[in-house]
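Visitor: I am new to this structure and would like a close look at a single part of one chain, followed outward into its surroundings. Please take your time and keep the steps connected.

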Amino acid sequence: MKVLAVHPGTYYHIESLEGPRYGGYFDEFVRPEDLGDVELDDFDVVLVPCRTPADRMAKNSAQLRAYLDKGGTIIATGESDSHLWLPGIRFTPQPTNFWWWLTPGADLGVRIADPNHPLFARLAQRDITWHLHGWFDAPDGAEVLAVNDDGKPILYIDGVTTKGRMVVTSLDPFYHHGSHFMPATTRFLDGFLPWMRTHLVRNSKAHERVAAL
Amino acid sequence: MSVLFVHSHYGEPGRGWQALADEGRLTIVRERELSPEHFATTQGIVTTTHLDQIGFMGWKDEIAALFTRGGSWFFNGHTLKPFVDGLSTYRPLGSPKRADLRLTRLFEHPIYQGIPQGDLEENKGVAGFYGRGHNPMPAGGTAVNGISAALLPIDWEWRLPGGGRMFSHAGNDLGGMGADAGHSGVLTRRIAAWAAGEI
């Protein structure tokens, strides 16, 4: 199992990717500008963290597509405009309400859509709830894992657009964890990254259902 | 000589920065398009929380030269890389409670003139947006604002021994703070004026 993380270099990326809490989950880092020099087929997973500037990824889109078509897995987290550099992604941004929780009894509306998915053996609903940046129109056949208050996908796995897998979310845990701001994002990564290592091995179907394990 | 605003994130720069550029008060440059000439011809630079710190380390010599000839750098964010000798790694508050996020003015700096620090402490009633830790202040620096009862220097100005000056704001971009009290546009203009050496 080898994971390549794209490293855009901000303070929150340095803290999240290199810090002691999660640094061990990544085998190698690559700068977006150097992706073309890397043989992606050597990796089970290519992870692109939150707030990676899309203009630094766009020139790599053909390389990423080729990797996916050979069975690779790409994880793209929020605020990275992944629809601009990954295939088949349709994204609708939404204004972010950072203050929803100030209202007593308020509910952001985020829901786990597929409770039997192995990811949710490690994550509870409160671990995917901090705020919203937008939703996706996931393709038919994609596994929708979490939705917003309108039932729109905010976290899904697309195994149909290419021969590989795309784990796509509008959640932005690396940004907030790396900013030391928003404990739910740390809980999210505490569950998500171990799941990534154990369930996203190349050419494995292990991610699909608990029952399949 | 003008001020250089280093635009690091994808998308448009903030409206306040764009307005200053439109007025000819500063130049906005995408971080990836920076050149040695940019550093050599500017009086001061402003960087944001989205700065590619790994990439910016490649400009360490140019930054040193900027300081040596008396230039300024306004830095927003957490120092995770040693751009300048004397800087140390950001230190977050550990699981801060509301009282730990209390801000205290320690020095009447011209950027903050007439702006009570309390106006910047909360954003729509929530504390923590301003910052939640500090970049350790180099020896010889002046603490401008402190956070928590320990008055840790969340904002400081440092006049470097070899010339030049650096302002560190260890939080979200300062120009966006204080909108509730109408201060954000003011702060953006003051930051630009400070980087230009006017205040």
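**A loop between two helices, and what lies around it**

Guide: A:Met182 sits in the loop that joins helix H4 (173-178) to helix H5 (183-199) of chain A. Please keep in mind throughout that this is a predicted model. The backbone at A:Met182 has a phi near 115 degrees, which is a positive value in a residue other than glycine. Such a value deserves a second look, because most residues other than glycine have a negative phi. As for its surroundings, A:Met182 has 18 other C-beta atoms within 10 Å, and since a residue counts as buried only from 20 such atoms upward and as exposed at 12 or fewer, A:Met182 is partly exposed.

A second residue of chain A can be set beside it. A:Arg51 also has a positive phi in a residue other than glycine, here near 60 degrees, and A:Arg51 is found in the loop between E3 and H2 of chain A. With 23 other C-beta atoms within 10 Å, however, A:Arg51 is buried, whereas A:Met182 is partly exposed.

From the loop of A:Met182 we can step back to helix H4 of chain A, which is one of the elements that cover the buried residues of H1(A). That helix, H1(A), is mostly covered, with seven of its eight residues buried; the buried ones are A:Tyr11, A:Tyr12, A:His13, A:Ile14, A:Glu15, A:Ser16 and A:Leu17. The cover over these residues includes E1, E2 and H4 of chain A, and, from the other chain, helix H3 (53-56) of chain B.

The presence of a chain B helix in that cover leads to the place where the two chains touch. There, 16 residues of chain A are in contact with 19 residues of chain B. On the chain A side, the elements that give two or more residues are helix H1 (11-18) and helix H2 (54-57), and the largest share, three residues, comes from H1(A). Sorted by class, this side of chain A has eight nonpolar, four polar and four charged residues.

The strands E1 and E2 that help to cover H1(A) belong to an open sheet of eight strands in chain A, with the order E2-E1-E3-E4-E10-E9-E8-E6 and mixed pairing. Its edge strands, each of which pairs on one side only, are strand E2 (28-30) and strand E6 (111-112) of chain A. Within this sheet, strand E1 (residues 3-6) and strand E3 (residues 45-48) of chain A pair in the parallel sense over three bridges, and A:Leu4 has A:Val46 in E3(A) as its bridge partner.

Beyond the edge strand E6 of chain A, the loop between E6 and strand E7 (134-136) holds A:Gln125. A:Gln125 is partly exposed, with 13 other C-beta atoms within 10 Å. Once its neighbours within four places in sequence are left aside, A:Gln125 is in contact with A:Val110, A:Arg111 and A:Ile112. A:Gln125 and A:Glu143, for their part, are 18 residues apart in sequence and, from C-alpha to C-alpha, 17 Å apart in space.

Chain B, whose helix H3 we met in the cover of H1(A), can now be viewed on its own account. Its secondary structure comes to five helices and 12 strands. The radius of gyration of chain B is 16 Å, close to the 16 Å given by the globule rule for 199 residues, so chain B is as compact as a globular protein of that length. Of these 199 residues, 44% count as buried. Among contacts in chain B between residues at least 6 apart in sequence, 64% join residues at least 24 apart.

Chain B also has an open sheet of eight strands with mixed pairing, in the order E2-E1-E3-E4-E12-E11-E10-E6. Strand E2 (26-30) and strand E6 (103-105) of chain B are its edge strands, and the twist from one strand to the next averages 20 degrees. Inside this sheet, strand E11 (residues 152-159) and strand E12 (residues 165-169) of chain B pair in the antiparallel sense over five bridges, with B:Arg159 standing opposite B:Arg165 in E12(B). Helix H1 (residues 15-22) of chain B, finally, lies across strand E1 (2-7) and E2 of chain B, running at about 120 degrees to E2(B).

Conventions
Residues numbered from 1 in each chain as written. Chains lettered and ligands numbered in written order. Predicted model: local features only at pLDDT ≥ 70, side-chain atom pairs only at ≥ 80, totals over all residues. Helix = DSSP H or I, 4+ residues; strand = E, 2+ residues; numbered from the N terminus. Rg over C-alpha atoms; globule rule 2.2 N^0.38 Å. Contact = placed C-beta atoms within 7 Å. Pairing = 2+ DSSP bridges. Nonpolar A, V, L, I, M, F, W, Y, C, P; charged D, E, K, R; others polar. Axes fitted to C-alpha atoms, helices over the stretch in contact; angles between N-to-C directions.
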